[in-house]
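Subject: The structure I promised you

Hi,

Here is the structure I said I would send over. Have a look at it first, then read my notes underneath.

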Amino acid sequence: MAYVAAVGDDGTVTLHEYGCGSAYNDFRPDSLSIRTTSASDPSRCLRF
């Protein structure tokens, strides 16, 4: 699960992701991961 937590003036987005191991959470798949990336970087989006 992931959601956009913030949108920057420079075209970046801050994503909060759960269930995705990354360096932010020591590669634990059961933890929160937070990353900032270009808005064009995410490849898929599910809208509710």
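How many of the residues of strand 2 are buried? The answer is 5 of its 7, so strand 2 is mostly covered. Here "buried" means under 20% relative accessible area, "exposed" means over 50%, and "partly exposed" is in between, with a 1.4 Å probe and protein chains only. Strands are DSSP runs of E with at least two residues, helices are runs of H or I with at least four, and both are numbered from the N terminus.

Before you go further, please keep in mind that this is a predicted model, where local features need pLDDT of at least 70 and side-chain atom pairs count only at pLDDT 80 or more, while totals for chains, interfaces and linings use all residues. Residues are numbered from 1 along each chain as its sequence is written, and side-chain values use heavy atoms, with hydrogens and water left out.

How sure is the predictor? pLDDT is its confidence in each residue, from 0 to 100. The protein chain averages 77, and 67% of the residues score at least 70. Among the elements, strand 1 has the highest mean pLDDT (88) and strand 3, residues 32-38, the lowest (84). Where pLDDT is low, the predicted coordinates should not be read in detail.

Now the overall layout. The protein chain has 3 strands and 0 helices, giving the pattern β-β-β along the sequence. The strands form an open sheet in the order 1-2-3, with antiparallel pairing. Strand 1 and strand 3 stand at the edges with a single partner strand each, so one side of each has no neighbour in the sheet. On average, neighbouring strands are turned by 25° against each other, direction ignored; the axes behind such angles are lines fitted to C-alpha atoms (for helices, over the stretch in contact), and angles run from 0 to 180 degrees between N-to-C directions.

Two strands count as paired if DSSP finds at least two bridges between them. Strand 1 and strand 2 are joined by 5 bridges, and strand 2 and strand 3 by 7. In the first of these pairings, Val 4 stands opposite Leu 15 and Val 7 opposite Val 13.

His 16 is a good residue to click on. You will find it in strand 2, opposite Ile 34 in strand 3. Is His 16 buried or exposed? It is buried, because its relative accessible area is 19%. Leaving aside neighbours within four places in sequence, His 16 is in contact (heavy atoms within 4.5 Å) with several residues, including Tyr 3, Ala 5, Leu 32 and Ser 33.

For a contrast, try Asp 10, in the loop between strand 1 (2-7) and strand 2 (12-18). Asp 10 counts as exposed because its relative accessibility is 62%. Its side chain makes a polar contact of 2.7 Å with that of Thr 12. A polar contact is a pair of N or O atoms within 3.5 Å; within protein, one must be able to donate a hydrogen and the other to accept it, and residues adjacent in sequence count only if both atoms are side-chain atoms. In the same hairpin, which has 4 residues between the strands, Gly 11 takes a positive phi near 90°.

Finally, buried residues make up 21% of the 48 residues in the protein chain.

Cheers

Technical notes: pLDDT is the predictor's confidence in each residue, from 0 to 100.
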